[in-house]
Amino acid sequence: MGALERVWNQQQANRATRLGRARGILADGLSGKVCATGRIADLLHAILEPGDRVCIEGNNQKQADFLAKALAALDPGRVNRLHILQSVIALPEHLDVFERGIADRLDFSFSGPQAARLARLAGSGKLNIGAIHTYLELFSRYFIDLTPRVSLIVAEAADRNGNLYTGPNTEDTPAIVEATAFKGGIVIAQVNRIEDTLPRVDIPADWVDFVVQSPAPYYIEPLFTRDPAQISEIQILMAMMAIKGIYAEYQVERLNHGIGFDTAAIELLLPTYAESLGLRGKIARYWALNPHPALIPAIEAGFVESVHSFGSELGMEEYIRARPDIFFVGPDGSMRSNRALCQAAGHYACDMFIGSTLQIDLQGNSSTATLGRVAGFGGAPNMGSDARGRRHVSPAWLKAGRQARDGKNLIPRGQKLVVQMVETFREHMQPAFVERLDAWELAEQANMAIPPVMIYGDDVTHVLTEEGIANLLLCRSDEEREQAIRGVAGYTPVGLARDKRAVENLRDRGIIRRAEDLGIDKRQATRDLLAAKNMKELVHASGGLYNPPKRFRNW
């Protein structure tokens, strides 16, 4: 008798075994695909096996929090050695699974509020980091070598057949479900409610194995809301320099903004300062961006023509419903976001990314991973990197490419604008500019093969601070890049170590430009320029359609 024939459907056979086990254990706790809320632990114990790759839907906004808590409460004697795949580590339960020995390996993108605890667990050996990914990179690996065996997802509602309605916060759900359902995996969804008829079907029932109604609506973070009352005059000055020195000069029409007060200031200066420069219809028309409330005045003023979103934002639902020409809205009236497709749009279809960071070194490398905090990067590395596969042209892309290649014997091509916009000192007077990133030491502590850099210096085209703009595209040597960065680093140790003569030479050549070089009167950088100075004025600008979360209602 020859060698045993290979079995080609082991994953499907294993899936059938797990499903049969669950049905047998749950019995009357299961009605079709709907699992009784109180039986969720029984379901997870039946479905999960030691060593499984488990994807928990934890985005930087919506969270499968009920399922995450249930997973963290399982018996580690029965369920252990799990390999967790997760966009964002946001809740304590996301790390409780490592504390309790239920999981021991993690691949993720961002850890924000849990960054310090994650660093401690990694240092103690309870948590092994596979890699810190960008969002798009992690989603891609779901379809290659990190395919989930079990996925715990979240949706707004389900019908009794298992069809899901995700509402405005679709986010990661399609990528997670498709990778799991079409590779013999199991999908379990927590929903806020179970209805007879859904507003629309975002995930078909054939892709979903179990549905459980959570005791409370899933947690969602209003991550992109910034109170204009907290925007400083320094940030307004920087926004003026950004608009006049970068947006206008490159005719930037398609872009992505990072999170923060710096970029919120730019959004709120579009209808005032940018309008005074005659820039409406010439800049900031097409966006890959969550529905930032700070963008409302610019939308109302006719600056913004289209916004495709990674996720949604609490309180913006009715405003979005009333502006379907701007947002991607379904026949039901609610927006559909998609983090994977919006990341792809931000990488390939946008001409510029502008965002902030915690540390920048002398080569322009930047990182939000600092000592004692493994924060990750989310989507910034996709937004903030030159798309080498891009082939379509735009004025901004071509001009940046010409500047980067001037005087070099290189074939013509464009380049994406990548702007790092930071104040020279961060909170607690920590300098944003450093000789050496903390990322090097973090890599040693966590046994990483490479330091966790968010945006590499060779992708950064401009560094913008309250001191001015350093245009790195125009630099012709590493020494010039270093002095250009030192030249806008202000009174930080890095800035004070600049070669004054070299910096003045760079200024003469237009590589460094101060506010006065751009014709900007610093005395005009006041809060009077903001199109909305507080949350109440944002509500007024929206015609009463914007409904801020309670913690932002201060009137």
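Why does Gln415 count as buried? The points below start there and move on to the strands and a pocket.

1. Please keep in mind that this is a predicted model, in which local features need pLDDT of at least 70, side-chain atom pairs count only at pLDDT 80 or more, and totals for chains, interfaces and linings use all residues. Residues are numbered from 1 along each chain as its sequence is written, and side-chain values use heavy atoms, with hydrogens and water left out.

2. Gln415 counts as buried because its relative accessibility is 10%; buried means under 20% relative accessible area, exposed over 50%, and partly exposed in between, with a 1.4 Å probe and protein chains only. You will find Gln415 in the loop between helix 14 (395-405) and strand 17 (417-421). Helices (H or I, at least four residues) and strands (E, at least two) are DSSP runs, numbered from the N terminus.

3. The side chain of Gln415 makes a polar contact with the side chain of Arg405, at 3.5 Å. Such a contact is a pair of N or O atoms within 3.5 Å; within protein, one must be able to donate a hydrogen and the other to accept it, and residues adjacent in sequence count only if both atoms are side-chain atoms. Leaving aside residues up to four places away in sequence, Gln415 also touches others, including Asp386, Trp397, Asp458 and Leu473, where contact means heavy atoms within 4.5 Å.

4. Strand 17 belongs to an open sheet of eight strands with mixed pairing, in the order 13-12-11-14-17-18-19-20. Strand 13 (306-308) and strand 20 (512-513) are at the edges, each with a single partner strand, so one side of each has no neighbour in the sheet. Two strands pair if DSSP finds at least two bridges between them. Strand 11 (residues 254-257) and strand 14 (residues 352-355) pair in the parallel sense over three bridges, and Leu255 stands opposite Met352 in strand 14.

5. Strand 10 (residues 210-213) is also worth a look. Two bridges join strand 10 to strand 2 (residues 34-35), and the two run parallel; Val34 stands opposite Val211 in strand 10. Strand 9 (residues 186-194) runs parallel to strand 10 too, joined by four bridges, with Ile188 opposite Phe210.

6. Which element gives the most to the lining of the second largest pocket? Strand 6 does, with four residues. The residues of this lining divide into 15 nonpolar, six polar and two charged. Here Ala, Val, Leu, Ile, Met, Phe, Trp, Tyr, Cys and Pro count as nonpolar, Asp, Glu, Lys and Arg as charged, and the others, Gly among them, as polar. A pocket is, on a 1 Å grid over the protein atoms alone, an open set of points where a 1.4 Å probe fits, with protein on both sides within 12 Å along at least five of seven lines; lining residues have an atom within 4 Å of a point.
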